[in-house]
Amino acid sequence: MSNEIVRTMDVVAQPVQEYPVDQVVFTPPIDIFETAEGLVLQADLPGVSSDSLELQVQDNKLSLFGKVSLPIPSDARIIHQEYQVGHFLRSFILSDEVDHERITAKLNQGVLEVVLPRHPKPEPRRIQVRSD
């Protein structure tokens, strides 16, 4: 069912105006899980602040992009590095089941959590039939 609600996009093939073509853009690791209310997306973004993160929904496409900064002093030298720095981008196609108006996001200690609630199911109602 989750695959029907969110599909990842091949972001490498898409032009992105915010980043020059020759600039390296990486894709951060993402986990998505389903709850009774909808989906929750978690992105591992160490070194990212809310000021350097953009989250957009447009035409059923959720995009997150920004920049990971190097969190070491300028006079230090990297000996070992496992996470990527620089610009990142991930995009997802949302189904019509996602309520775009109620999407929320928070960034806590390098983990972005985006809650994608489903539209509430309409209550059954009786339709009165009138006659002329």
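This short talk covers one aromatic pair and one open sheet in a predicted model.

Residues are numbered from 1 along each chain as its sequence is written. Because the model is predicted, local features need pLDDT of at least 70 and side-chain atom pairs count only at pLDDT 80 or more, while totals for chains, interfaces and linings use all residues, and side-chain values use heavy atoms, with hydrogens and water left out.

Let me begin with the rings. The structure holds one aromatic pair, where rings of Phe, Tyr and Trp (its six-membered ring) pair if their centres lie within 6.5 Å, and planes under 30 degrees apart count as stacked, over 60 as edge-to-face and the rest as tilted. The centres of the F26 and F88 rings are 6.0 Å apart and their planes stand at 50 degrees, so this pair is tilted. F26 belongs to strand β2 (residues 25-26) and F88 to strand β7 (residues 86-94), so the pair ties together parts 62 residues apart in sequence; strands here are DSSP runs (E, at least two residues), numbered from the N terminus. F26, at 9% relative accessibility, counts as buried, and F88 is buried at 0%, buried meaning under 20% relative accessible area with a 1.4 Å probe, protein chains only.

Now to the sheet. Four strands form an open sheet in the order β3-β4-β9-β8, with antiparallel pairing, and two strands pair if DSSP finds at least two bridges between them. At the edges stand β3 (30-34) and β8 (104-108), each with a single partner strand, so one side of each is left without a neighbour in the sheet. Strand β4 (residues 38-44) and strand β9 (residues 111-117) are paired in the antiparallel sense over seven bridges, and V40 stands opposite V115 in β9.

Conventions: Buried < 20%, exposed > 50% of the residue type's maximum accessible area, 1.4 Å probe, protein only.
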